[in-house]
Amino acid sequence: MSAPFPWLVADVGGTNARFGTVSGPGAEVEDVRVLPVAAHAGPAAAVRAYLDGQAPGAARPQSAAFALATPVQGDRIALTNGAWDFSRAGTQAELGLKVFLCMNDFEAQALSLPRLRPHQLRAWGEAPAATGDVPVGTVLAVIGPGTGLGVGGVIRAPGLWLTLPGEGGHATLAPGDDFESAVLAAARREFPHVSAERFLSGIGLPVLCRSVAAALGQGEDVAALPADQIVARGLAGESPACVRTLELFCGLLGSFAGNVALTLGSRGGVFIGGGIVPRLGDYFFQSQFRARFEAKGRLHTFVDGIPTALITDTLAALSGAALALEQADA
């Protein structure tokens, strides 16, 4: 399949859609802009708004790759945490695209890992090896607490990278101690199934905070707090429930990341993406994340050699979408 230039690449989450352009072979993603998903009726309308903002005379895209925060199967695509519901074939025809790839957003996030540079990462301890140095068969994993919780992987094969897509964010969350068991029990009064996303995401932080407050039993009213206020109050130490929520968030995320490392055998590293963790700054690197990541009993020695790093570049998935087009064009 040939993917003629220019390329349009997009990373579409529940809240924002990020767009960029690749002008030719070997070019970087350029002209990146972020548009709110809710402000546009669908992807075609958002693309038109993006293209309307380009310089006069800019070439129209001939190929596109969209990373979407939802399972991608068949022609009909509906965002898990957003209002867009569209036909893949209809959108391709409406935009006049010769090639139109649609993939799960964490397929694109996983494909971004081979192209990450040191300035796009903050490692916890030893940095992951440069991807050009890893042998065939090496697996890398990525976990992204954003609006939802994405999980993906990528494996190095001869001459290309193969994605390992899935919906790991909806796997059942496991408590690590009695207090976490009490927090999960409180959440189960709201939801019969408590997935990792129920706690470890933008939509999940309020659920986690309410459940923490219930388990603490101190009568603190946090029911109306959105995720950004929970983070702000927790970092400032202004709310016992919010402080404990951030502690649990980092610990549970570390435990979950360790589970992903064990499941995928991601010896090349586990990378944390999404928009929430970068807001925590140094707090994250002083938390129990890494200790919980390694706390795997008899398999402690398996995971303690796996590097972990935070992706500080929130636009990295666009380069993964570009790599998908490049590999399709190979």
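In this predicted model, helix H1 (residues 43–52) and helix H2 (residues 88–95) have axes that come within 10 Å and cross at roughly 30 degrees. The two helices are therefore roughly parallel to each other, since angles under 35 degrees count as such. Two open sheets also appear below: one of 5 strands and one of 6 strands.

**Helix pair H1 and H2**

- The crossing of H1 and H2 is right-handed.
- H1 brings Pro-43, Ala-44, Val-47 and Arg-48 to the contact, and H2 brings Thr-91, Glu-94 and Leu-95.
- By class, this contact of H1 with H2 holds 4 nonpolar, 1 polar and 2 charged residues.

**Helix pair H4 and H5**

- Helix H4 (residues 178–188) and helix H5 (residues 205–216) have axes that come within 8 Å.
- The axes of H4 and H5 cross at roughly 115 degrees, and the crossing is right-handed.
- From H4, the residues in contact are Phe-179, Ala-182, Val-183, Ala-186 and Ala-187.
- They meet Leu-208, Ser-211, Val-212, Ala-214, Ala-215 and Leu-216 in H5.
- The contact of H4 with H5 divides into 10 nonpolar residues, 1 polar and no charged.

**The sheet of 5 strands**

- This open sheet runs in the order S3-S2-S1-S4-S7, and its pairing is mixed.
- Strand S3 (30–36) and strand S7 (99–104) are the edge strands, and each pairs on one side only.
- Neighbouring strands of the sheet are turned against each other by 15 degrees on average, direction ignored.
- Strand S1 (residues 7–12) pairs with strand S2 (residues 16–22) in the antiparallel sense, over 6 bridges.
- Within that pair, Leu-8 stands opposite Thr-21 in S2.
- Helix H3 (residues 105–112) lies across S1, strand S4 (63–68) and S7.
- H3 runs at about 95 degrees to S7.
- Helix H12 (residues 316–328) packs on the sheet too, touching S1, S2, S3, S4 and S7.
- The direction of H12 makes about 135 degrees with that of S1.

**The sheet of 6 strands**

- This open sheet has the order S8-S13-S12-S9-S10-S11, again with mixed pairing.
- Strand S8 (121–124) and S11 stand at the edges with a single partner strand each, so one side of each is left without a neighbour in the sheet.
- From one strand to the next, the twist averages 25 degrees.
- Strand S9 (residues 139–145) and strand S12 (residues 270–272) pair in the parallel sense over 3 bridges.
- Ile-143 has Ile-272 in S12 as its bridge partner.
- H3 packs on this sheet, touching S9, S10, S11 and strand S13 (308–311).
- The direction of H3 makes about 45 degrees with that of S10.

**The S10–S11 hairpin**

- Strand S10 (residues 149–157) and strand S11 (residues 160–165) pair in the antiparallel sense over 6 bridges.
- The two strands form a hairpin with 2 residues between them.
- Gly-159, in the turn, has a positive phi of about 85 degrees.
- Gly-153 has Leu-164 in S11 as its bridge partner.

**Helix H7**

- Helix H7 (residues 240–264) has 25 residues, which should span 36 Å at 1.5 Å a residue.
- The end C-alpha atoms of H7 are 36 Å apart, which agrees with that expected span.
- Gly-265, just after H7, takes a positive phi of about 60 degrees.

Key
Residues numbered from 1 in each chain as written. Predicted model: local features only at pLDDT ≥ 70, side-chain atom pairs only at ≥ 80, totals over all residues. Heavy atoms only, no water. Axes fitted to C-alpha atoms, helices over the stretch in contact; angles between N-to-C directions. Helix = DSSP H or I, 4+ residues; strand = E, 2+ residues; numbered from the N terminus. Parallel < 35°, antiparallel > 145°, perpendicular 65-115°, else oblique. Left-handed = near helix turned anticlockwise from the far one by under 90°. Contact = heavy atoms within 4.5 Å. Nonpolar A, V, L, I, M, F, W, Y, C, P; charged D, E, K, R; others polar. Pairing = 2+ DSSP bridges. Expected span 1.5 Å × (residues − 1).
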